[in-house]
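Work through the exercises below with the sequence and the model open. Each task sentence is followed by a solution in steps.

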Amino acid sequence: MFLRYYDDITKVVHNCCIYAILWHYVLNGRGKQMVRGLYTAYTGMVNEQKRLDVISNNLANSATIGYKTQNVTSQSFKDMMAYKIRDGSNEYVDQAIGNMNLGVKIGETYMDWVQGSLRETGNTYDIAIEGNGFFAVKVAFANGEEETMYTRNGKFTITREGYLVDCDGNHIQGAGGDIQIPTDAAEIAIKNNGNIYADGVLVDTIALSDFTDYDYLELYGENMYRPVDGATEMASDASMLQGFTEQSNVNVIDQMVSMITITRAYEANQKMIQTQDTLIGKAVNDVGKV
């Protein structure tokens, strides 16, 4: 249902800009500012479009293992003092009439780091983190460069050579670098502390990392994270469960309710633009004749 609003929002936002500029020139003859009501409604619809994008992404990833819900905040532009100028009823003295606001914008996008539910799969190489922490993954780029990133997605498998990799083939990191498991081992056991045993012999230990402040992690792809300047890495005290995966923490019902709220806000802004357009049309066509 909500997807049909994308085209509408884009068209209306474009028309808002045209209306605002056009009517300003008609009424004022100068291009210094837009008609305020149209501009305020325009910023409201842009804000709702961005919020809808975030919610759509959450719903699309509700079944993605280890995915964390994204949320956004909205904030208004700075208030401005409004003045009544050249008013003949007040001896042409400028008079302050109060503050006004010019619209709304996206404040910030943030992650909900609450742990998702654990689901038992029984697969040997599925691992869930119970607590705070991330798997370290070595990601190889097309240009040959490599970078260590972090994820909560513990859906792993092994290659023909025995390397433990994620669903994209990126190597999972252990105490000794890339984790390699004997392919001829009859039994693979992964303990809560990350120790990997092949037929009772310790092979490697899965590396878990944590960070003092998750605000210094930026999202890469669907559910990988890259530390940015200021990130402080530390050891994780989380435990690992073999044969389990952590599900996304997306609450589908909450996201659907938010989507409906956004749709109503968008429609309200759309009606505001229609009303403003009608008023401006009357001002030009009817009042201008007097």
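**Exercise 1: the surroundings of Ile 206**

Ile 206 sits in the loop between strand S15 (201-205) and strand S16 (208-211); strands (E, at least two residues) and helices (H or I, at least four) are DSSP runs, numbered from the N terminus. The model is a predicted one, in which local features need pLDDT of at least 70 and side-chain atom pairs count only at pLDDT 80 or more, while totals for chains, interfaces and linings use all residues. Residues are numbered from 1 along each chain as its sequence is written, and side-chain values use heavy atoms, with hydrogens and water left out.

Task: Is Ile 206 buried or exposed, and which residues is Ile 206 in contact with, leaving aside neighbours within four places in sequence?

Solution.
- Step 1. Apply the classes: buried is under 20% relative accessible area, exposed is over 50%, and partly exposed is in between (1.4 Å probe, protein chains only). Ile 206 has 4% relative accessibility, so this residue counts as buried.
- Step 2. Take contact as heavy atoms within 4.5 Å. Beyond four places in sequence, the partners of Ile 206 are Ile 127, Phe 135, Gln 173, Gly 174, Ile 179, Ile 190, Gly 194, Ile 196 and Met 240.
- Step 3. Check one partner by backbone distance: the C-alpha atoms of Ile 206 and Gly 174 are 4.3 Å apart, with the two positions 32 residues apart in sequence numbering.

**Exercise 2: aromatic pairs around Tyr 225**

Task: How many aromatic pairs does the structure hold, and what is the geometry of the pair of Trp 113 and Tyr 225?

Solution.
- Step 1. Rings of Phe, Tyr and Trp (its six-membered ring) pair if their centres lie within 6.5 Å; planes under 30 degrees apart are stacked, over 60 edge-to-face, and the rest tilted. The structure holds 9 such pairs.
- Step 2. Trp 113 and Tyr 225 are 5.0 Å apart centre to centre, with 55 degrees between the planes, and form a tilted pair. Trp 113 lies in the loop between strand S4 (104-111) and strand S5 (118-120), and Tyr 225 in strand S18 (residues 224-227), so the pair ties together parts 112 residues apart in sequence.
- Step 3. Compare accessibility: Trp 113 is partly exposed at 22%, whereas Tyr 225 is buried at 0%.
- Step 4. Tyr 225 also pairs with Phe 134: the centres are 5.8 Å apart and the planes at 65 degrees, so this pair is edge-to-face. Phe 134 is in strand S7 (residues 134-140) and Tyr 225 in strand S18, 91 residues apart. Phe 134 counts as buried, at 1% relative accessibility.
- Step 5. Ring pairs join Trp 113, Phe 134, Tyr 150, Phe 211, Tyr 214 and Tyr 225 into a cluster.

**Exercise 3: salt bridges**

Task: How many salt bridges are there, and where in the chain do Glu 246 and Arg 152 lie?

Solution.
- Step 1. A salt bridge is a side-chain nitrogen of Lys or Arg within 4 Å of a carboxyl oxygen of Asp or Glu. The count by this rule is 8 salt bridges.
- Step 2. One of them joins Asp 178 and Lys 138, with the closest N and O atoms 3.0 Å apart. Asp 178 belongs to strand S12 (residues 177-178) and Lys 138 to strand S7, 40 residues apart. Asp 178 is partly exposed at 23%, and Lys 138 is partly exposed at 23%.
- Step 3. Glu 246 and Arg 152 form a salt bridge with the closest N and O atoms 3.0 Å apart. Glu 246 is in strand S21 (residues 244-246) and Arg 152 in the loop between strand S8 (146-151) and strand S9 (157-158), so the pair ties together parts 94 residues apart in sequence.
- Step 4. Glu 246 is buried at 0%, and Arg 152 is buried at 4%. Lys 68, Arg 152 and Glu 246 are linked in a network of salt bridges.

**Exercise 4: the backbone at Asp 199**

Task: What is the phi of Asp 199, and where does Asp 199 lie?

Solution.
- Step 1. Most residues other than glycine have a negative phi. The phi of Asp 199 is near 55 degrees, a positive value in a residue other than glycine.
- Step 2. Asp 199 lies in the loop between strand S14 (195-198) and S15, and is partly exposed at 45% relative accessible area.
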